[in-house]
Amino acid sequence: MGTDLRIVVIVIVVLLVFPIVLHSTVRAIRYFHKFPIPQFLADLIDNPLRRKIMPPDVLAIRHGIEPGMRVMEIGPGNGRYTMAFARCVGAQGKVVAVDIEPKMIRRVSARAKEEGVTNIEARVADVYELPYDDGTFDAVTATAVIGEIPDPDRAIHEFHRVLSSSGILVFSEILLDPDYPLAGTLIRKASAAGFRPDRRIGNFFFYTLIFKKKG
Ligand SMILES: C[S@@+](CC[C@H](N)C(=O)[O-])C[C@H]1O[C@@H](n2cnc3c(N)ncnc32)[C@H](O)[C@@H]1O
């Protein structure tokens, strides 16, 4: 093999191996230590590849978000999906974005202001104690968040509480996220918290799960 070809092969191998090693390392660390990801990582997962696989406006439709809905978005990160959800619910609806990180909430508020979106309420809150009455929302949606929460069962019970009787719970996940959970794990957890699976879209690499309340 010529030197040039050898260099090309080495570069390709490094480009392929590096992300896998990085992903596996971060995943191993986060298996033992769950904590909200720093802002730069939230920006890193909001990359062109992810936006191609999960375009914000398409994701809003896939999440079953419709005009007039009251939607709670858990863990909005930098707010890219929040804006799409807000466009989808329109002037008669509202999106409440809650995040445990004040920095993320500031980003969402700033982005809404920049984009002239007025139907978003961004608020610092913990998923275990959402500061809203029972049955307030038509949809609770969490994209690449649930795997980051140390006690997802407790969080899912809280999502059940704030949803109306006809409300939907929606998770979207992508394998690129080091906290990616298997769909089967979320189905088991949601079922134990009083939900039944309604729809599943996507595949192993990226999927959306929609649940309804049982009964
Ligand atoms: C990986 S980011 C995902 C951001 C966004 N949903 C997206 O897909 O681009 C996870 C978000 O969940 C938030 N988060 C983590 N733990 C949380 C908790 N216990 N309560 C509320 N938000 C939390 C983080 O601060 C972060 O904004």
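# Burial, contacts and a ligand site: exercises

Phe137 has a relative accessibility of 2% and therefore counts as buried; buried means under 20% relative accessible area, exposed over 50%, and partly exposed in between (1.4 Å probe, protein chains only). The model is predicted: local features need pLDDT of at least 70, side-chain atom pairs count only at pLDDT 80 or more, and totals for chains, interfaces and linings use all residues. Residues are numbered from 1 along each chain as its sequence is written, and side-chain values use heavy atoms, with hydrogens and water left out.

**Exercise 1. Place Phe137 in the fold and list the residues it touches.**

Step 1. Phe137 belongs to strand E4, residues 137-143. Helices (H or I, at least four residues) and strands (E, at least two) are DSSP runs numbered from the N terminus.

Step 2. A contact means heavy atoms within 4.5 Å. Leaving out residues up to four places away in sequence, Phe137 touches Arg70, Val71, Met72, Val96, Tyr132, Val162, Leu163, Ser164 and Gly167.

Step 3. Gly147 is 10 residues from Phe137 along the chain, and their C-alpha atoms are separated by 22 Å.

**Exercise 2. Is Val140 buried or exposed, and what does it touch?**

Step 1. Val140 is also placed in strand E4.

Step 2. Its relative accessible area is 0%, so Val140 is buried.

Step 3. With residues up to four places away in sequence set aside, the contacts of Val140 are Met72, Ile74, Phe159, Val162, Leu163, Ile168, Leu169 and Val170.

Step 4. Val140 and Ile61 are 79 residues apart in sequence, with 14 Å between their C-alpha atoms.

**Exercise 3. Which residue that is not a glycine has a positive phi of about 55 degrees, and where is it found?**

Step 1. The residue is Ala144.

Step 2. Ala144 sits in the loop between E4 and H7.

Step 3. Ala144 counts as buried because its relative accessibility is 9%.

**Exercise 4. Describe the surroundings of Glu158.**

Step 1. Helix H7, residues 152-162, holds Glu158.

Step 2. A relative accessibility of 11% is why Glu158 counts as buried.

Step 3. Apart from residues up to four places away in sequence, Glu158 touches Val127, Tyr128, Glu129 and Leu130.

**Exercise 5. Assign Asp57 and Ala192 to their exposure classes.**

Step 1. Asp57 is in helix H4, residues 56-62, and Ala192 is in helix H8, residues 183-192.

Step 2. Asp57 has a relative accessible area of 44% and is therefore partly exposed. Ala192, at 63% relative accessibility, therefore counts as exposed.

Step 3. Beyond neighbours within four places in sequence, Asp57 is in contact with Ala84 and Arg87. The side chains of Asp57 and Arg87 are joined by a polar contact of 3.1 Å. A polar contact is a pair of N or O atoms within 3.5 Å; within protein, one must be able to donate a hydrogen and the other to accept it, and residues adjacent in sequence count only if both atoms are side-chain atoms.

Step 4. Ala192 and Asp153 are 39 residues apart along the chain, and their C-alpha atoms are 8.3 Å apart.

**Exercise 6. Characterise the shell around the ligand and name residues with polar atoms facing it.**

Step 1. There are 19 residues around the ligand, of which Arg50, Gly75, Asp99, Thr143 and Glu148 come nearest. A residue is near a molecule if one of its heavy atoms lies within 4 Å of it.

Step 2. The shell divides into 11 nonpolar, three polar and five charged residues. Ala, Val, Leu, Ile, Met, Phe, Trp, Tyr, Cys and Pro count as nonpolar, Asp, Glu, Lys and Arg as charged, and the others, Gly among them, as polar.

Step 3. A polar side-chain atom of Asp99 is 2.5 Å from a ligand oxygen atom. A backbone N or O atom of Thr143 is 2.8 Å from a ligand nitrogen atom. For Gly77, a polar backbone atom is 3.2 Å from a ligand oxygen atom.

Step 4. The ligand taken alone exposes 600 Å², and the protein buries 98% of that. Accessible areas come from the Shrake-Rupley method with a 1.4 Å probe; for residues, only the protein chains shown count as cover.

**Exercise 7. Summarise the whole chain.**

Step 1. The protein has eight helices and seven strands.

Step 2. Of its 215 residues, 45% count as buried.

Step 3. The C-alpha trace spans about 65 × 40 × 30 Å along its principal axes.
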